[in-house]
Structure formats: C-alpha cells, structure tokens
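Work through the exercises below with the sequence and the 3D view side by side, trying each task before reading its solution.

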Amino acid sequence: MIKPIIGIGSDIQSPAGKRELSFAYLTYAEAVRRAGAIPLLVPPQPENATEMMDTLDGLLLAGGEDCDPAAYGQARHPTVVETMDPRRQANDLALAHAAREKNVPTFGICLGMQVMNIDAGGTLIQDIDSQHGTDIAHASIPEDRARHGVLIEQGTQLSGYLSEPELDVNSSHHQAIRDVGAGLRVSAHAPDGIVEGLEDPRHPFYLGVQWHPEDMTGEQSATSLFGAFIEAARRHALAKRQATELSPVGAKRSE
C-alpha cells in the first residue's frame, strides 16, 4: 500500500542570540504517521510552494499564533499581541493557495483553517470575547484544553467522514472565521455560531477544522478525520503514479 507523503508547514522560533529553528509540534507528525503516511517538514519557502505540490501527496497546515490582520485588510485589534513569524505566514498562505490550485489534499487545523480562509479572501474575528460575545470557553492552553460541542452541517464532505452529527471537541483559539472566503462553505459550527469547519466542495479534500484533532488521540472523530485525509492523499499519490507510468517518459523508463 502506498504511504503518501504529507507536508507539514513549519513554524519558526528565534531564540535571542541563538540560531533560528524551523519546527512543527510532534503531535501533528505523529497523527499523520499513525494514519499511515509519511510526515515531511516544510520550512518557509513560499517561492517554491507550487513546485512543492508536485512532490507532496497532501498538506497539513498546523495551528500557531495569529495571522497579521493586514493579510485580510484590517487594523490590529488590541488583543492581537503575538502574530506568527511573517516568513511562516507567507509560506502557509502560499502553500494553501498552491494546494488548492493543484487539487492536493489539504487539512487545516485551527490557525491552518484560518489561513485557508484568508487565502480565499475571507476575514477573521480577531477576538471572540470582545467582538462576538459567548458563554463558551473557546480559548484555553494546549496543556489543558477546554471542550465544547460542535454541530456538523449535514450534506458536507465533513459529515461524510464522521459518524455523528454532533461532536465534543477541544478548543484553543481566541480568533475565528468572520467572512467566509470565496468558494468555501461552512461545514461545522459551535452552538454560539462560531465557525468550526470549512471546506471547498469542489475539491477532493480541502478541509479545515477549528479544533485540534491531533490532540484527541484515540477518539473516533479524530481517527476518522486523519484517516479520511490520508486516504485522499493516497488516492492523489496513486493518480500521480499512474499518470507518470502512462506518460511517454514513463513508458520509455518501463521498456
């Protein structure tokens, strides 16, 4: 069985007086590995995003710090104190765009879903508490994530991957989707109306969730989501292999 190669967009850490790091949290790589694929770290290189899609079978856009609101034409809200490194932001946006253009299966998690929406021309609620108002605790620390219910929109791709119309998920975000980007549709929301899932219905697998399934090890919904993502990547890898074998170059190599 083909083990698809899944690119994971990396973050950047810049310790004072030390060399910079390009990294991704191991929970993302382990979730990909457990689902039967090969995780591959993708350091910031937005100029190579299109070419990268010819190598990857799938793309995972991970969580992280806030996007710079200038990316979607807004001034910065006072609560937006820490934004991700501009190099990571440029890379994630470029990867999301290239993957969507080239039909590469893409799974966005938390910030990753927000990046997908921004690339499509959407905007964000910069601070849920002050700009939306809710009794649900959406923000929490990774070591002790709050949980709440999520309602799955029936008839969406997401609903086809999950066995239940309502999930109990973890939550660790103070921002959320405001205006949905072009061509995307909402596939899940919290009871207070906060968007919890987005997808492109025209794409084989271009899907994002606001929660963190990589930290829900052993829970059926998380296993199903990563399983569906990796299976889509496997089909993509197989289609690429078949196209190569049928091409004139591939035919010569097989002679």
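**Exercise 1: Thr50 and its surroundings**

Thr50 is partly exposed, with a relative accessible area of 45%, where buried means under 20%, exposed over 50% and partly exposed in between (1.4 Å probe, protein chains only). This is a predicted model, in which local features need pLDDT of at least 70 and side-chain atom pairs count only at pLDDT 80 or more, while totals for chains, interfaces and linings use all residues. Residues are numbered from 1 along each chain as its sequence is written, and side-chain values use heavy atoms, with hydrogens and water left out.

Task: find the helix that holds Thr50, then find its contacts beyond four places in sequence.

Solution: Begin with helix 2, residues 49-55, where Thr50 is placed; helices (H or I, at least four residues) and strands (E, at least two) are DSSP runs, numbered from the N terminus. Next, leaving aside neighbours within four places in sequence, Thr50 is in contact with Ala98 and Lys102, contact meaning heavy atoms within 4.5 Å. Finally, Thr50 and Ala98 lie 5.2 Å apart, C-alpha to C-alpha, although 48 residues separate them in sequence.

**Exercise 2: Strand 12**

Task: work out which strands pair with strand 12, and whether its residues are buried or exposed.

Solution: First, strand 11 (residues 185-189) pairs with strand 12 in the antiparallel sense over four bridges, pairing requiring at least two DSSP bridges between two strands. Within this pair, Arg185 has Glu199 as its bridge partner. Five residues lie between the two strands of this hairpin, and Gly193 in the turn has a positive phi of about 95°.

Then turn to strand 13 (residues 206-209), which runs antiparallel to strand 12 and is joined to it by three bridges, with Gly197 opposite Val209. Here the hairpin passes through six residues.

Lastly, five of the five residues of strand 12 (residues 195-199) are buried, so the strand is largely enclosed by the rest of the structure.
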